[in-house]
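Trainee: Before I use the labels in this description, I would like to know what stands behind them. Can we go through them one by one?

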Amino acid sequence: MRVETDIKLGFKDVLIRPKRSNLKSRSQVELERGYTFLHSRKQWSGIPVIASNMDTIGTFEVARVLARHGLLTAVHKHYSPAEWDDFLRNCDPAICSSIMVTTGTSGEDFAKLSSIMGSHQELEFICIDVANGYAEIFVDFVGKVRAAFQDKTIVAGNVVTGEMVEELLLSGADIVKVGIGPGSVCTTRLKAGVGYPQLSAVIECADAAHGLGGRIISDGGCTCPGDVAKAFGGGADFVMLGGMLAGHDECGGELVERGGNSFKVFYGMSSATAMSRHSGGVPTYRASEGKTVEVPYRGPIEETVKDILGGVRSACTYVGASALKELTKRTTFIRVLEQENRIFPTPTDIIP
């Protein structure tokens, strides 16, 4: 046993210090970024915000809207190959560059992935998603997927430490997903006592990834547009959102009427709800590590997307970054004991 005593930070622990700026308007900020990926050598450009691969968030309907804004969607793994066929037959071909095909690590998952990718060569991204990216079997699976799909851009995670980021990149991942326990409907930190404050994880993992030419996604922990800006300021190449996008028309989850108000059900993918839906229940050897909540119904997702992007543009103007790619170079974090005046409720109160 050992104890590390250096302080680790979450988004709530810091603010971004403003700096002089010659920008006259938020409209001058360029949010689009361009990357060439480590192994696939594919080039991508767009706004590096990703809808999470949860079955209430990473839906085909969400993907259609986000693609119009240049954002990405990690489509959840529970669609069948036939549903993928129907979706891709009836959508703009350009959407293929803005969606990720999510897979687990079982033999059945690999067969399904092979079927989808084999039928749709135009798909460019694969997202290998597990809760615990530290298992050797996971690293081996990343290598297996790389060998089978050499020209595809592979996302792998989740991890929170630099050495594991490096191992996944060396095993074939182009992008590593960073975050254990920060999600709004994740209870891993309560059930397992395991995790890492998200901002410190992003800072440390970005440093490790960029040294090898890889990229990272900050996955989880954002409760408002300011947190998205902090993740980019900390060095994240992409930011993945779940709870911030929950409750909309395009999202999965049952619509519930209660007390004259409308809600949508939102749950973690390790929750009892998700395991009952997809695996026949919680296995006897494990515990649920996710919440099931009812999020106030929020209508179409379009306005929420605009609000998030507007917040990031505003952050850039406060530090004089004319483009998102400049934000991390212009960011100085200051540690704080308060974030906002809470005398009146704010829109962030509706995020679980």
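Mentor: Start with the annotation: UniProt positions are given in the numbering used here, and such annotations may be inferred rather than shown by experiment. The UniProt record, an unreviewed entry, places the feature "binding site" at Gly181 and Gly183. The model itself is predicted.

Trainee: Why is Gly181 called buried or exposed, whichever applies?

Mentor: Buried means under 20% relative accessible area. Gly181 has 13%, so Gly181 is buried. Gly181 is found in the loop between strand 9 and helix 6 (188-191). Neighbours within four places in sequence aside, Gly181 is in contact with Cys186 and Arg189.

Trainee: What makes Gly183 partly exposed?

Mentor: Partly exposed is the range between the buried limit of 20% and the exposed limit of 50%. The relative accessibility of Gly183 is 26%, so the label is partly exposed. Gly183 is in the loop between strand 9 and helix 6. With the same sequence neighbours left aside, Gly183 touches Gly220 and Gly221.

Trainee: How do you know that Asp174 is buried?

Mentor: The limit is under 20%, and Asp174 is at 0%, so Asp174 counts as buried. Asp174 lies in the loop between helix 5 (162-171) and strand 9 (175-178).

Trainee: What makes the approach of the Asp174 side chain to the backbone nitrogen of Ile154 a polar contact?

Mentor: A polar contact needs N or O atoms within 3.5 Å, one able to donate a hydrogen and the other to accept it. The distance to the backbone nitrogen of Ile154 is 2.8 Å. The Asp174 side chain also reaches the backbone nitrogen of Leu38, at 3.4 Å.

Trainee: Why is the pair of Tyr35 and Phe37 called tilted?

Mentor: A search of the whole structure finds 12 aromatic pairs. For Tyr35 and Phe37 the ring centres are 6.3 Å apart and the planes are at 45°, so the pair is tilted. The cut-offs are 6.5 Å for pairing, under 30 degrees for stacked and over 60 for edge-to-face. Tyr35 is at 2% relative accessibility and therefore buried. Phe37, at 1%, is buried as well.

Trainee: What makes the pair of Phe60 and Tyr79 stacked?

Mentor: The planes of Phe60 and Tyr79 are 10° apart and the centres 3.8 Å apart, against the limit of under 30 degrees. Phe60 is in helix 1 (residues 60-68), and Tyr79 is in the loop between strand 5 (72-75) and helix 2 (81-89).

Key:
Residues are numbered from 1 along each chain as its sequence is written. This is a predicted model: local features need pLDDT of at least 70, side-chain atom pairs count only at pLDDT 80 or more; totals for chains, interfaces and linings use all residues. Side-chain values use heavy atoms; hydrogens and water are left out. Helices (H or I, at least four residues) and strands (E, at least two) are DSSP runs, numbered from the N terminus. Buried means under 20% relative accessible area, exposed over 50%, partly exposed in between (1.4 Å probe, protein chains only). Contact means heavy atoms within 4.5 Å. Rings of Phe, Tyr and Trp (its six-membered ring) pair if their centres lie within 6.5 Å; planes under 30 degrees apart count as stacked, over 60 as edge-to-face and the rest as tilted.
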